[in-house]
Every structure is written in structure tokens, then in C-alpha cells.
Amino acid sequence: MPNITTMGCMSDNDSGFGFDPQDFANIPLFKELSKLMSWQGGAVNWDFARQTAAGIAGEPRLAIGVDADGEAWADAVRVAESWLDPHTTLDAVPGPALALTAQEWVERAAGPGGIAVYVEPIATGMQKALAEGLADQLPGGMAGLGGMSGAMNPITAMLTGMQVGTIAGHLADQLLGSYSLTVPTLPTNIVATVGDQAGLLARSHDISSDEMRFWLALRECIHRRVFEGAEWVMPHLTQQMEEFAAAAEFDPSGLVEQMGGLGNLGPEMLSDPEAMQRMAEEAGAGIEPSDRQRDILARLQALVSLIAGYADVLVDRAGTGKLPNLERIEAATLTERGQQGKGEQFLTQLVGLDLRPADIGAGRVFCEAVLAARGPQGLDVVWSDAVHLPTPAEIAEPSRWLLRLAADEATGAISVEEAASGQDVLEDLEVPDDLAGLDDL
């Protein structure tokens, strides 16, 4: 069987590297190989990513275990929005409410409208470095012959697509909804269930599937209000991801080793999804973030912590008195959220991106402190502009953000950067009356 590493050297009249192109004529996967090698859609072959993900994702199941999935979910979303209204100044956002099987989520999420925002920026840099590393592994002189250099991009796009597909496939069997990672996995105006993970969780903890559906609807809707309603939030996240990618330091030979080298890239692998999955899962130890990337990650994790904590607080306030088993649901799901699933593990392995905050409860503590001091309107200031986002230090110590907010209201003179630089900026500020009792929080 010819090796895929020689594909870029083929031409209609050339068989100069030990095989005849006609050898492919009777191979059922020839058309698929040709499609892979002609990919020009960017650093990730999303077609291949979807195929890989579909092979890993579980069988289609009813969302949260009821027959009228779409109708029941849409009703839960409508009710959840009305429950949230008294507790936040963020307006409800219109958009689709979808009950998706794992396969349906993969088809929508494994592409430019889904998880591409988290992987495609850094995959572009990886593609360039991988092309260099792969070219170094080819037999002497082949990299410059027969268009082999031009073949590198489709090969690296396929490799990256395989790993991105592995991420998506495992996420599809892990997520409760489209916002279960806190950041969106679908367009931001969509709220969705994913497969029956929420139903399985409810049954394993003897919780009503109806209550679980309304709880999940509350979480999805508040995330949509943040990411779609606060118009700057998603562009801010995208900018941070682009900065993260720009700060990457790639080792071409290390990336080739991470991807499993070239030894297993024969065309026959495309007919063996399990072999492709093993190759993706066993590929090295991943990319180690650079120092600059770690700084960006700290900001990203602070944002994720803030949004997750905000959702926790809003769901608790809106669901209290309406969901009898709210505490049991929160306890069960908190345990699940505290564990990094395979999809998140592979995301970290592929691009060095770990969005999980070290302290998953820090955002909730921050939001509760601000609510106690300033009420819902005071808390919702965080969504008015990026300048009002709390720094990692302010999330850990909410009183610092409250002092900055009070000073900003009084003088407009203190910026995020100044607040993050040290306590000395705040030493001369007088604590206003509305922060009385802050020390007791």
C-alpha cells in the first residue's frame, strides 16, 4: 500500500518514487484520499474533523430522555427566560432552542461556526511548523519535488482535523448543553441540549428529568444573555484567543512527534476509525504554553470563572422556590464540572489551551460578594464594558474590584491596568457608604 507521504509527488505521468499512481485505481478510498489531499479550507480539515468526531460520538439519543425533545426543550427555555428576568439587567436574547443528538451537535460544532474559535488560530501556526517538521522527515530531496511542499498543508490540515475531531467527538459525549464549557460551542444565539448526558446524570442521581431540563435551560439562557446580549464579550474572547495563538512557540520536530510521526499515515488508516482515534489520543504530551501564553490563559480563566460564577448565582436565585431539587442538581453537576473530561484533556494536549480555572468556585464567590455589596445592577456592571472585567487578582479579592468600581464612579481615574498593578493605587481611597459591611463578606 503506498504511503501518504509520497502523495504530493504524484503527477499524471510520474511514478518515479517506486509506485504507479494506477495502484490507487481499485482502492475504495481513492476518492476520499484525493479529497483530503486537495483540501484548501484552512489549517483544519473540518470535513475530516467531523468524520473523526462522528466516529467517536455516541449513538443518537433523545435529549434528557423524553419523546417530545424539541418541544419540551423550547418550552423550558421560554419558562427559564421569564424566571431570569427579575434577577438580571441583561435582556433575554431571541434565538434557536435546539434539542440535539451528539451527532447533530458534532455536525454544527466541529467547524467554523463552533469550536474553530478555540483551535483554528493556533492551528494555523501549527500547520506552518508541522510542514517544516514533516518536510524534514521525507526521504532526501523529496520536499522540493513534484509539488511536495504544496502537499504539506493538506497533510497537516488532515492531521489537525483528526485531533480536533477527537476533541469534538469526546465533547459530544460529555456536554450537557452547548454552553457546558462556559464558552460557546455553537453560535452564541443558540441554546441547546447535547445528547442525553443531562438525562443520564438525572437518572443516576434520582432527579426528575423535568427539573434537570429546566435547570439546564436556566444555565444555557444566562450564558446566551452574556455572550450574545453583551456584544463585546465574544469579540473580546476571540481577541484573547488570537493573542494566545500569536504567543505560541512551536517546535516543528516536537509537533511531528506529538502527531505520531509519519509511520501510521497509510491510506488504509482512513478505513479504521479506531486506529485514527488511537493515533490522535496517543500523540505525545501536547504543547507547553509559553510564558506569555500563561499570562493570557490566566485572563481567559478569570473570564471563564466569572461567567461560570455568574451563571451559578443567577440559576440559584432564579431556580430557588421553583426547582424543589435545585440543591441536589447543583451538587451533582458541580461534581461533574470539577472533572476534566477527555474532550478538554485533548484540547489542552493539542493547543495548550486549558480554560478550566484552578478554583472553579472563585467566580461564584466574587459574584456573591458584589451582589451583597451592590445588588444585581452593581454586579451587571461587569458586562457593560471590557474595562470593567475583574482581573484574576480582583476575582480572588472582590473588595479590590468594588473599590475600583466606586473610584471609577467618583473620578473615572482608575483603570483595569492600574487596579491590577498593586494595592497602592487604592490605599488613599475612602470606602463609600454602600460598601459598609464588606469586611464581613
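## Close-up views, one by one

**Figure 1. Arg225 and Glu81 reach out to each other and form a salt bridge between their side chains, with 2.8 Å from N to O.** These two come from distant parts of the chain: Arg225 sits in helix 8 and Glu81 in helix 3, 144 residues apart. Keep in mind, here and in every other view, that this is a predicted model. Is Arg225 buried or exposed? Arg225 is buried, because its relative accessibility is 0% and the cut-off for buried is under 20%. Glu81 is buried too, with a relative accessible area of 9%.

**Figure 2. Here Glu81 makes a salt bridge with Arg224, and the closest N and O atoms are 3.3 Å apart.** Glu81 belongs to helix 3 (residues 69–84) and Arg224 to helix 8 (residues 209–229), so this pair ties together parts that are 143 residues apart in sequence. With a relative accessibility of 2%, Arg224 counts as buried. If you want the count for the whole model, it comes to 14 salt bridges.

**Figure 3. Next up are Asp196 and Arg203, joined by a salt bridge whose closest N and O atoms are 2.5 Å apart.** How do the partners compare in exposure? Asp196 is buried at 6% relative accessibility, whereas Arg203 is partly exposed at 48%. Meanwhile, salt bridges with shared partners join Glu81, Asp85, Arg224 and Arg225 into one network.

**Figure 4. This view follows helix 3 from end to end, with its end C-alpha atoms 22 Å apart.** Why does that distance make sense? The helix has 16 residues, and at 1.5 Å a residue it should span 22 Å, so the expected span and the model agree. Now look for the buried residues of helix 3: Asp69, Trp73, Ala74, Ala76, Val77, Ala80, Glu81, Trp83 and Leu84. What covers them? The cover includes strand 1 (97–100), strand 2 (191–194), helix 8 and helix 12 (291–319). You've already met helix 8 as the home of Arg224.

**Figure 5. Time for some rings: the model has four aromatic pairs by the count used here.** One of them is Tyr310 with Trp383, whose ring centres are 5.3 Å apart and whose planes meet at 80°, so this is an edge-to-face pair. Tyr310 comes from helix 12, while Trp383 comes from the loop between helix 15 (362–379) and helix 16 (392–396), so the pair ties together parts 73 residues apart in sequence. Tyr310 and Trp383 are both buried.

**Figure 6. Phe366 and Trp401 are also an edge-to-face pair, because their planes lie at 75° and the cut-off for that label is over 60 degrees.** Their ring centres are 5.5 Å apart. Phe366 lies in helix 15 and Trp401 in helix 17 (residues 398–411), so the pair ties together parts that are 35 residues apart in sequence. Phe366 is buried, with 0% relative accessible area, and Trp401 is buried as well, at 1%.

**Figure 7. This one peeks into an empty space inside the model: the second largest cavity, with a volume of about 60 Å³.** How many cavities of 30 Å³ or more are there? The count comes to four. Which residues line the second largest one? Its lining is made of Ile115, Tyr118, Val119, Ile167, Leu171, Leu181, Val183, Leu347 and Leu355. The elements that give two or more residues to this lining are helix 5 (116–137) and helix 6 (148–172).

**Figure 8. The last view zooms in on Glu330, found in helix 13 (residues 326–337).** Is Glu330 buried or exposed? Glu330 is buried: its relative accessible area is 17%, so it falls below the 20% cut-off. Leaving aside residues up to four places away in sequence, Glu330 touches Trp215, Asp312, Val315, Asp316 and Arg364. Pick out Asp316 from that group: it is 14 residues from Glu330 in sequence, and the two are 8.7 Å apart in space from C-alpha to C-alpha.

Key: Residues are numbered from 1 along each chain as its sequence is written. This is a predicted model: local features need pLDDT of at least 70, side-chain atom pairs count only at pLDDT 80 or more; totals for chains, interfaces and linings use all residues. Side-chain values use heavy atoms; hydrogens and water are left out. A salt bridge is a side-chain nitrogen of Lys or Arg within 4 Å of a carboxyl oxygen of Asp or Glu. Helices (H or I, at least four residues) and strands (E, at least two) are DSSP runs, numbered from the N terminus. Buried means under 20% relative accessible area, exposed over 50%, partly exposed in between (1.4 Å probe, protein chains only). The expected span of a helix is 1.5 Å times one less than its number of residues. Contact means heavy atoms within 4.5 Å. Rings of Phe, Tyr and Trp (its six-membered ring) pair if their centres lie within 6.5 Å; planes under 30 degrees apart count as stacked, over 60 as edge-to-face and the rest as tilted. On a 1 Å grid over the protein atoms alone, a cavity is a set of points where a 1.4 Å probe fits but cannot get out, and a pocket is an open set with protein on both sides within 12 Å along at least five of seven lines; lining residues have an atom within 4 Å of a point. Grid points are joined across faces, edges and corners, and a volume is the space filled by probe spheres set on the points.
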